[in-house]
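Q: I'm new to reading structures, and I'd like a close look at one part of this one. Please pick a spot, start there, and then walk me outward through the rest in plain words.

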Amino acid sequence: LTNQPLVTMHMITLILAALLLWWALTSAARAIATGPNSEGNDRYRTCSRLGQLIEVIVIYLSEKAVRPVLGKDANRYLPFLLTLFFFILVCNLIGLIPFVDVQHISDVLFDVDLGSESAMDWAVFGGTVTSNLAVTAGLAALAFIVIQVHGFRELGISGWLKHLTGGAPMYLLPIMVPVELMSLIIKPAALAIRLFANMVAGHTLMATLALFGYMAYNALGWGGVIGISIPSILFAIAISFLELFVAFLQAFIFMFLTTVFIGQLSHHGHEDEDSQKGADHALEYGDAPAHG
């Protein structure tokens, strides 16, 4: 433990992702905000491409994903859920940009000396921080806290304890209560592992494709490189587009399942039955094996 650095590459990348997200969202908010009366009807127009993109995403997530599940509580949790989505998305997208590779190449070309034993031992920032289980576990811990705080606020302590039993008879409580307590941990843990596994799997596949040329060179020389590089590059491009889709998908799944878990600890009257059925169906879908 004494040899571990106090500040890691992923820590710096998380800070940069947060700053980038703050800049993007504040810029979009200024573009979306209603202008002065002197602009006429144009004051309602979003005046930047970034603002238009974020506005569309926010409207879709709030009206199609969050509000149908949470109902009257949607406005209370929208800031947290949207921040969760955009932060995970920014971290995923940063991982698609080869910042680490550029730093390694610059070390070799310009002989950068940072006291490391090898040119491949250092990078200041970059990488996919959501492929770090500690990062995804931290995000899941935040979701867990919000879910449980909502449960206590909505149901009270007695209602929260009653939720653990599910209306089961007394003789089943020794079985039901431990299982339900475990489920409180398993749900956010599944969020962390799903995001971590999908990010690791996609980048491992891309790294394997990138190594085909090196392996062909060692085995067959430059002739092998020319033969294998073209198909491997084409497949890498296709996988890159798939990873771009997965970056959005996994951010959405993390945010949406957090929404569903919050909704499960809410009071549901007759007017919310349809929303609860939709939430239960979404939970069943979301707990299917992760792929990407």
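A: Let's start at Ile230, which sits in helix H7, the stretch running from residue 222 to 264. Keep in mind as we go that this is a predicted model. Is Ile230 buried or exposed? Its relative accessible area is 55%, and anything over 50% counts as exposed, so Ile230 is exposed.

Ile230 has company out there. Together with Ile233, Leu234, Ile237, Phe241, Leu244 and Phe248, Ile230 makes up a nonpolar patch on the surface. Add up what these residues show to the outside and you get about 700 Å² of accessible area.

Let's step back for a second. The protein has eight helices and zero strands. Read from the N terminus, the order of elements is simply α-α-α-α-α-α-α-α. The protein has 292 residues, and 37% of them are buried.

Now follow H7 away from the patch and into the hollow spaces. How many cavities of 30 Å³ or more does a search of the whole structure find? The search turns up one. The largest cavity has a volume of about 90 Å³. It is lined by 13 residues, and Ile147, Gln148, Leu184, Lys187 and Leu265 are the closest to its centre. H7 is one of the elements that give two or more residues to this lining, along with helix H5 (133–165) and helix H6 (173–220). Sort the cavity lining by class and you find seven nonpolar, four polar and two charged residues.

H7 turns up again at the largest pocket, which has a volume of about 570 Å³. Of the 20 residues lining this pocket, the ones nearest its centre are Gly95, Asp101, His203, Met206 and Ala207. Helix H3 (74–96), helix H4 (99–110), H6 and H7 each give at least two residues to the lining. Which helix gives the most? That's H6, with seven residues. As for the chemistry, the largest pocket is lined by 12 nonpolar, seven polar and one charged residues.

The second largest pocket takes us to other helices, and its volume is about 400 Å³. This pocket also has its list of lining residues, 20 in total, with Leu20, Ala24, Leu89, Val90 and Leu93 closest to the centre. H1, H2 and H3 each supply at least two residues here, and H1 gives the most, with seven. What about the classes of residue in this lining? They split into 19 nonpolar, one polar and no charged.

While we're around H1 and H2, have a look at the loop between them. Ala33 lies in that loop, between helix H1 (9–32) and helix H2 (49–70). Its relative accessibility is 42%, which falls between the 20% and 50% cut-offs, so Ala33 counts as partly exposed. Ala33 and Tyr44 are 11 residues apart along the chain, and their C-alpha atoms are separated by 7.5 Å.

Last stop: the charged side chains. The structure has three salt bridges. One of them joins Arg67 to Glu63, with an N to O distance of 3.4 Å. These two residues are four apart in helix H2, which means they are separated by about one helical turn. Both ends are partly exposed: Arg67 has a relative accessibility of 27%, and Glu63 comes in at 40%.

The other two salt bridges both involve Lys72. Lys72 pairs with Asp73, where the closest N and O atoms are 3.5 Å apart. Here the two partners differ in how much they show: Lys72 is exposed at 61%, whereas Asp73 is buried at 5%. Lys72 also meets Glu154 in a salt bridge, at 3.3 Å from N to O. That pair links distant parts of the chain, with Glu154 in helix H5 and Lys72 in the loop between H2 and H3, 82 residues apart. Why does Glu154 count as buried? Its relative accessible area is 14%, and the cut-off for buried is under 20%, so Glu154 is on the buried side. Put the three residues together and you have a network of salt bridges linking Lys72, Asp73 and Glu154.

Key. Residues numbered from 1 in each chain as written. Predicted model: local features only at pLDDT ≥ 70, side-chain atom pairs only at ≥ 80, totals over all residues. Heavy atoms only, no water. Patch = residues over 30% accessible without salt bridge, like charges linked within 9 Å, V, L, I, M, F, W, Y side chains within 5 Å. Areas by Shrake-Rupley, 256 points an atom, 1.4 Å probe, with all protein chains shown as cover. Salt bridge = Lys/Arg side-chain N within 4 Å of Asp/Glu carboxyl O. Buried < 20%, exposed > 50% of the residue type's maximum accessible area, 1.4 Å probe, protein only. 1 Å grid on protein atoms, 1.4 Å probe; cavity = no way out; pocket = protein on both sides within 12 Å on 5 of 7 lines; lining within 4 Å. Points joined across faces, edges and corners; volume = space filled by probe spheres on them. Nonpolar A, V, L, I, M, F, W, Y, C, P; charged D, E, K, R; others polar.
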